[in-house]
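Trainee: Could we go through the charged pairs in this chain together, with the reasoning spelled out at each step?

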Amino acid sequence: MMSSTKRLLSLSTALAIALPSLAFAEPSAELIEAAKKEGMLTTIALPHDWCGYGDVIASFKAKYPEIQVNELNPDAGSADEIEAIKANKDNKGPQSPDVIDVGLAFGPQAKAEGLTQPYKVSTWDEIPDTIKDADGHWYGDYYGVMSFLVNKDLVANTPKDWADLLKPEYAGQVALAGDPRASNQAILGVLAAGLGKGAKAGKEAGEAGLGYFAELNKAGNFVPVIGKSGTLAQGSTPIVVAWDYNALGWAKTLNGNPPTEVVVPASGVLAGVYVQAISAYAPHPNAAKLWMEHLYSDEGQLGWLKGYCHPARFNAMVKAGKVPQDLIDALPPAESYEKAYFPTLEEVDANKAAVTAEWDKVVGANVQ
């Protein structure tokens with residue numbers, strides 16, 4: 001039996017590269033001073049119960065009390081973040097985001113549209129090459145796998161796989177944690193369902209996933225409501241398809257009221273990477289760079305792990321003995337992750353194009 005640490009190292013082999021010894025770099029005094037002079041950082045789409053963001057933001061504020069954190073629209077999706085940069089190109093006011101946190105497919109899109117500026121954090125070499133732009137326009141920060149969060153007060157038999165959700169006993173119970181026309185989490189939920197049907201990652205799995213959700217909708221099992229901890233607790237979405245770190249974070253917040261269960265499906269286990277970028281039009285570019293330094297520091301990376309996410313520098317930090325065993329042990333069982341599939345950027349892009357273009361036509365459910 002592999003140890004938890006070994007298992008997690010094997011889990012991220014798809015992201016692994018030869019890693020140098022752990023860096024101890026700190027942001028320069030000049031950058032800190034310039035950021036303090038700007039006095040503000042504007043973020044967008046960062047729910048506090050997502051991947052430990054609440055504590056990560058709090059630790060940044062504690063470290064740099066001179067910088068006010070202006071948080072825009074915590075529940076926005078990746079597409080909304082891109083639109084916010086576009087809409088505020090000529091606006092240096094508080095509605096213009098300095099930084100974005102988006103799904104992997106949205107990083108290259110933002111760069112291609114001239115919406116990002118390059119910056120390489122001091123721990124740059126420890127971010128795997130497969131999840132970062134060589135020029136520093138976007139860079140992976142954390143990842144998780146798609147899972148089911150279940151309200152055990154309302155669901156007698158916990159579903160174990162995608163096929164189970166089609167059963168009549170789950171009528172009016174299954175929701176996605178976002179609008180699949182705009183939310184990266186929901187778009188990749190459709191891809192995962194397609195993988196669960198045996199389709200190849202990319203356009204094929206996107207189309208198979210659309211077929212799956214059309215079937216789920218036709219059966220009356222799909223609920224066109226954006227699922228989150230509140231809707232799960234209220235009973236309007238007793239089963240939510242969400243990233244494992246969101247599901248685990250919500251379960252922790254609910255604290256047994258209602259009782260919950262988090263399940264990684266038996267097939268179609270999809271791993272998803274989220275990336276960071278700085279807006280080309282950032283009103284506070286130095287504060288944005290300092291924020292990135294914080295996110296990719298040892299403290300920031302362990303913050304993701306505390307929020308049940310796997311940080312981008314995980315391999316390097318384990319190798320250096322910087323990851324406490326209790327954080328590893330708080331994640332779901334080792335075997336749940338052994339089949340995790342890391343799609344390529346091309347596969348993510350092809351799936352996104354298929355899902356966002358065809359959802360209305362194939363599934364016809366207006367998720368909101």
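Mentor: Let us begin with a residue whose environment can be judged from its accessibility, remembering that this is a predicted model. Because its relative accessible area is 3%, Glu 126 is buried.

Trainee: Which side chain does Glu 126 meet in a salt bridge?

Mentor: Side chains of opposite charge can pair when their charged atoms come close. Here the N to O distance is 2.8 Å, which lies within the 4 Å that the salt-bridge rule allows. Glu 126 sits in the loop between strand S4 (116-117) and strand S5 (139-151), and its partner, 187 residues apart from it, lies in the loop between strand S10 (310-311) and helix H12 (314-319). The side chain that Glu 126 meets is that of Arg 313.

Trainee: Is Arg 313 buried or exposed?

Mentor: The cut-off for a buried residue is under 20% relative accessible area. Arg 313 has 0% relative accessibility, and therefore this residue counts as buried.

Trainee: How far apart in the chain are Glu 261 and Lys 160, which meet in a salt bridge?

Mentor: The side chains of Glu 261 and Lys 160 meet with an N to O distance of 3.6 Å. At 28% relative accessibility Glu 261 counts as partly exposed, and Lys 160, at 43%, also counts as partly exposed. Glu 261 belongs to strand S8 (residues 260-263), while Lys 160 is in the loop between S5 and strand S6 (174-176), and the pair links distant parts of the chain, 101 residues apart.

Trainee: With which side chains does Thr 158 make polar contacts of 2.8 Å?

Mentor: Thr 158 is placed in the loop between S5 and S6, and its relative accessible area of 12% makes it buried. Leaving aside residues up to four places away in sequence, Thr 158 touches Val 150, Lys 152, Tyr 170, Glu 261 and Val 263. A polar contact of 2.8 Å joins its side chain to that of Lys 152, and another of 2.8 Å joins it to that of Glu 261.

Trainee: What is the N to O distance in the salt bridge between Arg 181 and Asp 179?

Mentor: Arg 181 counts as partly exposed at 23% relative accessibility, whereas Asp 179, at 18%, counts as buried. Their side chains meet in a salt bridge, and the N to O distance is 2.9 Å.

Trainee: Which residues are joined into one network by salt bridges that share partners?

Mentor: The count of salt bridges comes to 17. Those that share partners make one network of Glu 126, Asp 298, Arg 313 and Lys 322.

Conventions. Residues numbered from 1 in each chain as written. Predicted model: local features only at pLDDT ≥ 70, side-chain atom pairs only at ≥ 80, totals over all residues. Heavy atoms only, no water. Helix = DSSP H or I, 4+ residues; strand = E, 2+ residues; numbered from the N terminus. Buried < 20%, exposed > 50% of the residue type's maximum accessible area, 1.4 Å probe, protein only. Polar contact = N/O pair within 3.5 Å; in protein donor to acceptor, adjacent residues only side chain to side chain. Contact = heavy atoms within 4.5 Å.
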